[in-house]
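Here's a quick walk through one protein model, written for someone who'd rather be at the bench. Have the sequence and the 3D view open as you read.

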Amino acid sequence: TMAATITLDCVTVPTPPIVDPSGPTSTNSQRDLAFTIVVDGPAPDTVELLVDGDAVATFPTQAYYRGFWNSSTFTEGLHVLTPRATVSGVSRTGEPVEVVVDRTAPQMTSFTPATTVEVDRDTVFVVNFDEVVTAAPLAVSDLVRLSVVPFGETTPVPVAFTATLDAAGRQLTVEPGAVLPLGVASLSWAGLHDAAGNTVTGTVAASWNVSRSVRLGSDLEVQTSST
């Protein structure tokens, strides 16, 4: 039997959450990704931001912890950001946030109708992409353009239309909302981009001749009879 005295020091380490970005996000590395870590509790000796387990930013004790992550040297794909606070050599990590590094721009894979087809008021234009595209924070109609250059003129005339992306975000549908003037119609989708902010590259517009025929009324039902 031996007498012993054990002295314990209680160290309280706060859990440091990342409040910005608040959830999964994407970046194309064109600008550094801003982040903010908050600490509610005892002031830590240091606060760090870890990316895939390695520290990329370290802060001493201060009122708030805000910085920027330069992702340009990281591979494309999923990366995990984790905050870590340390008090007297004892560390605690907060909830991780997933960030996808995506520097590859989306491209158009196909569109209909073919450019050899004449178009009119009833034509439905469909454009497909190789990855999810969006217009956020704007509306799709703000980034898509439908216009006609009338015969004998050089200035495009805007045409009213409706534009929608399907639920998968990979198919754009455009329907004219007015009669197309005779001339050359053009549809542009250059303003659309992916979640990381990469705008569509490659083919970003197409043109068609406007049909010279005019619909005079509704379709007539033709009935045949035999005698």
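Does Glu48 count as buried or exposed? With a relative accessibility of 12%, Glu48 counts as buried, because the cut-off for that label is under 20%. Keep in mind that this is a predicted model.

**The salt bridge**

So what does Glu48 pair with? Its salt-bridge partner is Arg84, and the closest N and O atoms of the two sit 2.8 Å apart. Side chains of opposite charge can pair when their charged atoms come close. The structure holds one salt bridge, so that's the Glu48–Arg84 pair. Glu48 belongs to strand S4 (residues 46-51) and Arg84 to strand S7 (residues 77-87), so the pair ties together parts that are 36 residues apart in sequence. Arg84, at 25% relative accessibility, counts as partly exposed.

**A four-stranded sheet**

Next up is an open sheet of four strands, in the order S10-S11-S15-S14, with antiparallel pairing. Strand S10 (108-112) and strand S14 (161-165) are the edge strands, each pairing on one side only. On average, neighbouring strands of this sheet are turned by 15° against each other, direction ignored.

Strand S15 (residues 171-176) pairs with S14 in the antiparallel sense, over five bridges. S15 also runs antiparallel to strand S11 (residues 125-129), and four bridges join those two. Here are some residues that face each other across S15:

| Residue | Partner in S15 |
|---|---|
| Leu165 | Leu172 |
| Thr162 | Glu175 |
| Asn128 | Gln171 |

S14 and S15 also form a hairpin, with five residues between the strands. Which residue in that hairpin takes a positive phi? Look at Gly169, where phi is near 75°.

**The second largest pocket**

Finally, take a look at the second largest pocket, which holds about 170 Å³ of space. Its lining draws on two stretches of numbering: Ser26, Thr27, Asn28, Gln30 and Arg31 are among the lining residues, and so are Asp194, Ala195, Ala196 and Gly197. How many of the lining residues are nonpolar, polar and charged? The lining divides into two nonpolar, five polar and two charged residues. Arg31 and Asp194 are both on the lining list, and Arg and Asp count as charged. Ala195 and Ala196 line the pocket too, and Ala counts as nonpolar.

Conventions. Residues numbered from 1 in each chain as written. Predicted model: local features only at pLDDT ≥ 70, side-chain atom pairs only at ≥ 80, totals over all residues. Heavy atoms only, no water. 1 Å grid on protein atoms, 1.4 Å probe; cavity = no way out; pocket = protein on both sides within 12 Å on 5 of 7 lines; lining within 4 Å. Points joined across faces, edges and corners; volume = space filled by probe spheres on them. Pairing = 2+ DSSP bridges. Axes fitted to C-alpha atoms, helices over the stretch in contact; angles between N-to-C directions. Salt bridge = Lys/Arg side-chain N within 4 Å of Asp/Glu carboxyl O. Buried < 20%, exposed > 50% of the residue type's maximum accessible area, 1.4 Å probe, protein only.
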